[in-house]
Amino acid sequence: MNSKKYNRKGTKTSSFGSSGRINHDSSSFYSSKIFENVMNDKIQYVENKIDPKFLNNIFCNSSVKMNELPDNSVHLMVTSPPYNVQKEYESDLSLEEYFHLVKSVMTEVYRVLVPGGRACINIANVGRKPYIPLHSYLIKDMIEIGYLMRGEIIWDKGASGGVSTAWGSWLSASNPVLRDKHEYILIFSKDTFSLKSNKKKSTIDKKSFLENTLSIWTFPTVSAKKVGHPAPFPIELPKRLIQLFTFQEDIVLDPFCGSGTTCISALKENRNFIGYDIKQEYVDLSLKNIKNIFENKNQENLVFK
């Protein structure tokens, strides 16, 4: 029986697009005018070391100024900023004031990210009359800061999204109201799309890589009462982002730390973490949650402030 070695033929972007993605040549597409002045591949990689005493710590400070962190020192940021919808821990800010705060924090995050470092933001839109698309305002601000957008993930919360009865006009075209069952995870990079490994290892497996590079993720929410924080996200969210976007021993930042979910996930995935929150009770809650999980594990670098 004759055996032949078959090579899959590469695909090339055409005016009708292409469904193939193996050996895909998209150079003609990215040389089009729509991408002019967007890409800059001549970025010098700089990575500064964080003082070890600041690693694996949560600070009760505003993340508008993260003085513990030098420029170009963090590999990934994962966070969910407060949505300004009158939860007990939020201030009543105007939309302009709210985005001034978030943009100020994300500008500081940009400073501390290494070239190629990623910023991942979980956010939901709010309101019905009118509907306020927070994610679209945030994308605009992030691009103005200088971030490169990588894409957006739709987090399908499914049946765990809670009971929603915002029907508006029941069985009538007068005023039917849409009910959100999803949130967004917005993905950005600093300066360039690639992150240098510096000989560190990736830890994601093939199955997870294939699943988590799709733009729709489905997993349940987590109970605020169970966690002890009014707006927690499930550990599955930072876990996927950390596995996908960092190498072992990289540094993960959460500037709105809340109950510490990002920090817990970072340690579980053999990464370092740094968190910030302005309320001492949530800093204490985060440290308690971390200690409860890792009290029987040997974490040599784990130092609690």
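## A briefing on helix α3, the sheet and the cores

In helix α3, the buried residues (under 20% relative accessible area with a 1.4 Å probe, protein chains only) are L134, H135, L138, I139, D141, M142 and I145. This is a predicted model, in which local features need pLDDT of at least 70, side-chain atom pairs count only at pLDDT 80 or more, and totals for chains, interfaces and linings use all residues. Residues are numbered from 1 along each chain as its sequence is written, and side-chain values use heavy atoms, leaving out hydrogens and water.

**The chain as a whole**
- You will find eight helices and eight strands in the chain; helices (H or I, at least four residues) and strands (E, at least two) are DSSP runs, numbered from the N terminus.
- Of the 305 residues in the chain, 42% are buried.
- Among contacts (heavy atoms within 4.5 Å) in the chain with a separation of 6 or more, 74% are between residues 24 or more positions apart.

**Helix α3**
- Helix α3 covers residues 134-145, and its 12 residues should span 16 Å at 1.5 Å a residue; the expected span is 1.5 Å times one less than the number of residues.
- The end C-alpha atoms of α3 are 17 Å apart, which agrees with that expectation.
- The packing partners of the buried α3 residues are α2 (95-112), β3 (113-123), β4 (148-156) and β5 (182-189).
- Just after α3 comes G146, with a positive phi near 130 degrees.

**The sheet**
- An open sheet of eight strands runs in the order β1-β8-β7-β2-β3-β5-β4-β6, with mixed pairing; two strands pair if DSSP finds at least two bridges between them.
- Its edge strands, each pairing on one side only, are β1 (57-59) and β6 (216-218).
- From one strand to the next, the twist averages 20 degrees.
- Helix α2 packs on the sheet, where it touches β2 (74-79), β3 and β7 (251-254), and its direction makes about 150 degrees with that of β3. Axes here are lines fitted to C-alpha atoms, for helices over the stretch in contact, and angles run from 0 to 180 degrees between N-to-C directions.
- Strands β4 and β6 run parallel and are joined by three bridges; I154 stands opposite I216 in β6.

**Nonpolar cores**
- A nonpolar core is a set of buried Ala, Val, Leu, Ile, Met, Phe, Trp, Tyr and Cys residues joined through side-chain atoms within 4.5 Å.
- The largest such core has 34 residues, of which L69, M106, V109, M142, Y147, L253 and I274 touch the most other members.
- At least two residues of this core come from each of β2, α2, β3, α3, β5, β7 and β8 (272-276), and α2 gives the largest share, eight residues.
- Beyond its neighbours within four places in sequence, M106 contacts M77, T79, I121, M142, I145, Y147 and F256.
- Another core, of 27 residues, lies apart from the largest one and includes F219, L237, L244 and I290.

**Cysteines**
- There are zero disulfides in the structure, a disulfide being a pair of cysteine sulfur atoms within 2.5 Å.
- Why is C263 not bonded to C257? The sulfur of C257 is the closest cysteine sulfur to that of C263, but at 3.6 Å it is too far for a bond.
- C263 is buried at 0% relative accessibility, and C120 is buried with a relative accessible area of 1%.

**T221 and its loop**
- T221 sits in the loop between β6 and α5 (224-227).
- At 30% relative accessibility, T221 is partly exposed, a class that lies between buried and exposed (over 50%).
- T221 and W155 are 66 residues apart along the chain, and their C-alpha atoms are separated by 9.9 Å.
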